[in-house]
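Here is a quick tour of the cross-links and charged pairs in this model, with one residue looked at in detail along the way. Have the viewer open as you read.

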Amino acid sequence: NLETGIKTGGSGKHTWYAGGMLDSPACGGPRPGDDDLIVAVAKDGGYGSCSQKVRLQYQGKRLAAAGGELCEDCQFGHFDGTKGLFRHFAGLEQGILTGVDYELL
């Protein structure tokens, strides 16, 4: 979307967060659980925003998640998701997935 300066798709990486990091979501609302499909996007990262849905695709698996958090340390194209979201694509022990395609919905 050239008008707003927000990139609507691309390829990036996906990590997961849990525990106390789920407390007090920056986007407001109730505290998500580990199995909720929530994704954090880079704060002032130029893509995605609170409550915007993002479709992630990795190695033929695809799933949409709601933006519910802002990630202080994430760079452009980095999505930090709940355990439930990450587990859809790979085991938690992998920690970081690269080459994850994303599309803002």
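A salt bridge here is a side-chain nitrogen of Lys or Arg within 4 Å of a carboxyl oxygen of Asp or Glu. Keep in mind that this is a predicted model. With that cut-off, R31 and D23 qualify, since their closest N and O atoms are 2.5 Å apart.

**Salt bridges**

How many salt bridges does a search of the whole structure find? It turns up three. As background, side chains of opposite charge can pair when their charged atoms come close. Here they are side by side:

| Pair | Closest N to O distance |
|---|---|
| R31 and D23 | 2.5 Å |
| D35 and R87 | 2.7 Å |
| E103 and R55 | 2.8 Å |

Take the R31 and D23 pair: R31 counts as partly exposed at 46% relative accessibility, and D23 is partly exposed too, at 40%.

Next up, D35 makes its salt bridge with R87. The two sit in distant parts of the chain, 52 residues apart: D35 belongs to the loop between β1 and β2, while R87 is in helix α1 (residues 83-89). Is D35 buried or exposed? Its relative accessible area is 57%, so D35 is exposed. R87, at 40%, is partly exposed.

The remaining pair, E103 and R55, meets through the side chains. This one ties strand β6 (residues 97-104), home of E103, to strand β3, home of R55, with the two positions 48 residues apart in the numbering. Both ends are partly exposed: E103 has a relative accessible area of 38%, and R55 has 25%.

**Disulfides**

The same kind of whole-structure search gives two disulfides. One joins C27 to C50, with the sulfurs 1.9 Å apart. It links distant parts of the chain, from the loop between β1 (9-16) and β2 (38-42), where C27 sits, to the loop between β2 and β3 (53-58), where C50 sits; the cysteines are 23 residues apart. The torsion about the S-S bond is about -75 degrees, so this disulfide is left-handed. C27 is partly exposed at 25% relative accessibility, and C50 is partly exposed at 30%.

The other disulfide joins C71 to C74, S to S 2.1 Å. Which hand does the C71 and C74 disulfide have? Its S-S torsion is about 75 degrees, so it is right-handed. As for accessibility, C71 counts as buried at 11%, and C74 counts as buried at 7%. If you number the bonded cysteines in sequence order, the pairing reads 1-2, 3-4.

**A look at T82**

T82 lies in the loop between β5 (78-81) and α1. How accessible is T82? Its relative accessibility is 0%, so T82 counts as buried. What does T82 touch, leaving aside neighbours within four places in sequence? Its contacts are W16, Y17, L22, G33, D34, D36, L37 and I38. Pick D36 from that list: T82 and D36 are 46 residues apart in sequence, yet their C-alpha atoms are 6.7 Å apart in space.

Technical notes. Residues numbered from 1 in each chain as written. Predicted model: local features only at pLDDT ≥ 70, side-chain atom pairs only at ≥ 80, totals over all residues. Heavy atoms only, no water. Disulfide = S-S within 2.5 Å. Helix = DSSP H or I, 4+ residues; strand = E, 2+ residues; numbered from the N terminus. Buried < 20%, exposed > 50% of the residue type's maximum accessible area, 1.4 Å probe, protein only. Contact = heavy atoms within 4.5 Å.
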